[in-house]
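Subject: Handing over the structure

Dear colleague,

I am passing on the structure that we spoke about, so that you can open it while you read. Please look through it once before you turn to my notes.

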Amino acid sequence: MRYYTGVMGATGAVALLLGAAIGPAQADVQAQAGVQAKPKFQMPFACGTNWQLNTYGGRHNPALDIVVKGNTGSDGKKLKASAKGTVAKAFSDRGAGNVVIIKHSGGWYTAYYHLKDKAGVYVKAGTKVKPSTTIGRIGKTGANSGGWAHLHYEQRYRASGIPTESHRKAVDFNGKRYTGVNRQWSSVKSANCP
Ligand SMILES: [Zn+2]
């Protein structure tokens, strides 16, 4: 939903301290390498289905909140993986609700918040996923969901270790970037196709 969820927590603070040991030039090289290696992420929904994407401002960026086209009711809609990978974490957070974080190639990860089901119903840490794998269902779990069913979605990059919210990057689907402040794309078709 609209606000920073605080999932980062103490682990993120430690990571920031460790990050200070890396010089700016080295960090740039790592960032460039990551951008070059970004997988061609797809929308985390069945091939050919249509969705509404929203960005907000402040600390919500560059995450997206996603509902079905027309916002006619997203509760229980199935989620797919944005690319092949392995589930790095699946857990429940007070603010973000049921969360799945998937590790892809090249230091890239995707994060899915407010899921309807707890870890283990669809996937758990260590589960290998393909774009066709159902990783969960849209829900409204967590205080930050605001009580409305939607998917909070992030793409993250970190050279080493599981990235936190501080490692979020602009979202790309099928090679197109969806980012900015208070933007809306009212109908985007999923190209997450076999
Ligand atoms: Zn959100």
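What follows is a short account of what was found in the structure, going from the whole chain to single residues.

Please keep in mind from the start that this is a predicted model. The mean pLDDT of the protein is 87, and 81% of its residues reach 70 or more. Residues 4-30 call for caution, since pLDDT stays under 50 over that stretch, for which the model has 26 contacts beyond four places in sequence.

As for the overall make-up, the protein has 2 helices and 13 strands, and of its 194 residues 38% are buried. If you consider the contacts with a separation of 6 or more, 70% of them are between residues 24 or more positions apart.

Let me turn to the interior. The largest nonpolar core has 38 residues, and those with the most contacts inside it are Val 100, Tyr 112 and Ile 135. Two or more residues of this core come from each of β1 (50-54), β2 (64-68), β4 (85-93), β5 (97-103), β6 (108-115), β9 and β11 (171-173), and it is β6 that gives the most, with 6 residues. If you would like one residue from which to explore the core, Tyr 112 may serve: leaving aside its neighbours within four places in sequence, Tyr 112 is in contact with Pro 44, Leu 79, Val 99, Val 100, Ile 135, Gly 136, Leu 151 and Tyr 153.

Which strands does β9 pair with? It pairs with β2 in the antiparallel sense over 3 bridges, and Asp 65 stands opposite His 152 in β9. With β6 it is joined by 6 bridges, and these two strands also run antiparallel; here Tyr 109 stands opposite Arg 156 in β9. Finally, 2 bridges join β9 to β10 (residues 168-169), again with the strands running antiparallel, and the bridge partner of Gln 155 is Lys 169 in β10. The strand β9 is itself mostly covered, as 6 of its 7 residues are buried.

Two residues show how parts of the chain that are apart in sequence come together in the model. Gly 142 lies in the loop between β8 (134-137) and β9 (151-157). Is this glycine buried or exposed? Gly 142 counts as buried because 23 other C-beta atoms lie within 10 Å, where the cut-off for a buried residue is 20 or more. Its C-alpha atom and that of Gly 97 are separated by 3.5 Å, although the two residues are 45 residues apart along the chain. Beyond its neighbours within four places in sequence, Gly 142 is in contact with Asp 93, Arg 94, Gly 95, Ala 96, Gly 97, Tyr 113 and His 114.

The second residue is Tyr 178, which is found in strand β12 (residues 176-178). Tyr 178 has 20 other C-beta atoms within 10 Å and is therefore buried. Between the C-alpha atoms of Tyr 178 and Thr 55 the separation is 8.3 Å, while along the chain these residues are 123 residues apart. Again leaving aside neighbours within four places in sequence, the contacts of Tyr 178 are with Leu 53, Leu 64, Val 171, Phe 173 and Trp 185.

Some details of the backbone also deserve your attention. A cis peptide bond, with omega about 0°, joins Asn 61 and Pro 62, and Pro 62 is found in the loop between β1 and β2. Phi of Asn 71 is near 50°, which is a positive value in a residue other than glycine, and Asn 71 lies in the loop between β2 and β3 (78-80). Because Asn 71 has 14 C-beta neighbours inside 10 Å, it counts as partly exposed.

A positive phi is also found at His 114, again a residue other than glycine, with a value near 70°. His 114, however, lies in strand β6, and with 28 C-beta neighbours inside 10 Å it counts as buried. You may recall His 114 from above, as it is one of the residues in contact with Gly 142.

With best wishes

Terms used:
Residues numbered from 1 in each chain as written. Predicted model: local features only at pLDDT ≥ 70, side-chain atom pairs only at ≥ 80, totals over all residues. pLDDT = per-residue confidence, 0-100. Contact = placed C-beta atoms within 7 Å. Helix = DSSP H or I, 4+ residues; strand = E, 2+ residues; numbered from the N terminus. Buried ≥ 20, exposed ≤ 12 C-beta atoms within 10 Å, placed from the backbone. Core = buried A, V, L, I, M, F, W, Y, C linked by C-beta atoms within 7 Å. Pairing = 2+ DSSP bridges.
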